[in-house]
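Work through the exercises below with the structure open. Each one gives a task and then a solution in steps.

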Amino acid sequence: MTREYVLTLSCPDRVGVVHAVSGFLAERQGNILDSQQFRDPGSGRFFMRVHFRADTPLDRLRVEFAEPAARAAMDWQLHDMAVKPRVMVLASRQGHCLNDLLYRFRTGALHGDLVTVASNHADWAGLTEAGGVPFRHLPVTPETRPQQEQRLLELVTEHRIDVVVLARYMQILSEGFCAKLPGQIINIHHSFLPSFKGAKPYHQAYDRGVKLIGATAHYVTADLDEGPIIEQETARVDHAMTPERLAAAGRDLESVVLARGLAWHLDHRVLLNGDRTVVFR
């Protein structure tokens, strides 16, 4: 049975990497549908994403590719595109990103399976369950944070979650939690950081007369809001816009940027490159 696969890899840049990959696939009658590559001159590493069709089963491909991958010192992953990544969304009281993701998953715009939504508030239980997605209310206080995070990790294991999405989840995840899911947690925030921290960033921006607002989607690390950036977007604003209008424009940007970054992750288009990313769009 013919299947579609995506191979992603990074390795020290050297002659013959593309030939090794294409030759491996040709020997197995693999038909390359799309191939993208990039050499980072700073790190000297080579990055590649290959979308191909083949009759060979996934497990066999993985076993047989291990040898050429080891020769080139590759970090690599091979995915069956028929298998949708499993997603858990975390939300708080701001529901714009959650609502947008629910719609995109329901319409098939995102190539993933939204398994569950969890929140430290119960505000969006009705919205989530109306879309056929189970909702978990997991309240948290500074004293109960370890127990709440342990329950989140249990949900990740129980539901075989591949990626956790923070859809304006207004809680700081512990270093231990982040360490257990490297490259598997995606966050969204406004792009004023580090200038306008804390409450009411759009009011702070209004007071400073900013002319450009934006949003950033990134992987979560123990360094707050400093993980590898996946996607960013900006919008021009002017003196006539109130803080409320600025915030409304910001919500639109956050929804679009989070969905776009998540879509690329689910399609295996994002490769980590130290503190940065390579995104094959």
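**Exercise 1. State the volume of the second largest pocket, then describe its lining.**

Step 1. The second largest pocket holds about 710 Å³ of space. A pocket is an open set of points on a 1 Å grid over the protein atoms alone, with protein on both sides within 12 Å along at least five of seven lines; lining residues have an atom within 4 Å of a point. Grid points are joined across faces, edges and corners, and a volume is the space filled by probe spheres set on the points.

Step 2. The lining has 26 residues, and the closest to the pocket centre are Thr8, Gln77, His79, His265 and His268.

Step 3. Two or more lining residues come from each of strand 1 (3-12), helix 2 (58-71), strand 4 (75-80) and strand 12 (270-273). Strand 4 gives the largest share, five residues. Helices (H or I, at least four residues) and strands (E, at least two) are DSSP runs, numbered from the N terminus.

Step 4. Sorted by class, the lining has twelve nonpolar, eight polar and six charged residues. Ala, Val, Leu, Ile, Met, Phe, Trp, Tyr, Cys and Pro count as nonpolar, Asp, Glu, Lys and Arg as charged, and the others, Gly among them, as polar.

A note on the source: this is a predicted model, in which local features need pLDDT of at least 70 and side-chain atom pairs count only at pLDDT 80 or more, while totals for chains, interfaces and linings use all residues. Residues are numbered from 1 along each chain as its sequence is written, and side-chain values use heavy atoms, with hydrogens and water left out.

**Exercise 2. Explain why the second largest pocket lies between the two domains.**

Step 1. The assignment gives domain 1 (3-80) and domain 2 (86-279); such bounds come from an automatic or database domain assignment.

Step 2. Both domains give residues to the pocket lining, so the pocket lies between them.

Step 3. Eleven residues of domain 1 are in contact (heavy atoms within 4.5 Å) with eight residues of domain 2. The C-alpha centres of the two domains lie 31 Å apart.

**Exercise 3. Find the largest cavity and classify its lining.**

Step 1. The whole structure has one cavity of 30 Å³ or more. A cavity is a set of points where a 1.4 Å probe fits but cannot get out.

Step 2. The volume of the largest cavity is about 40 Å³.

Step 3. Leu7, Phe24, Leu25, Phe52, Phe65, Trp76 and Leu78 line the largest cavity. Helix 1 (17-27) and strand 4 each supply at least two of the lining residues.

Step 4. By class, this lining has seven nonpolar, no polar and no charged residues.
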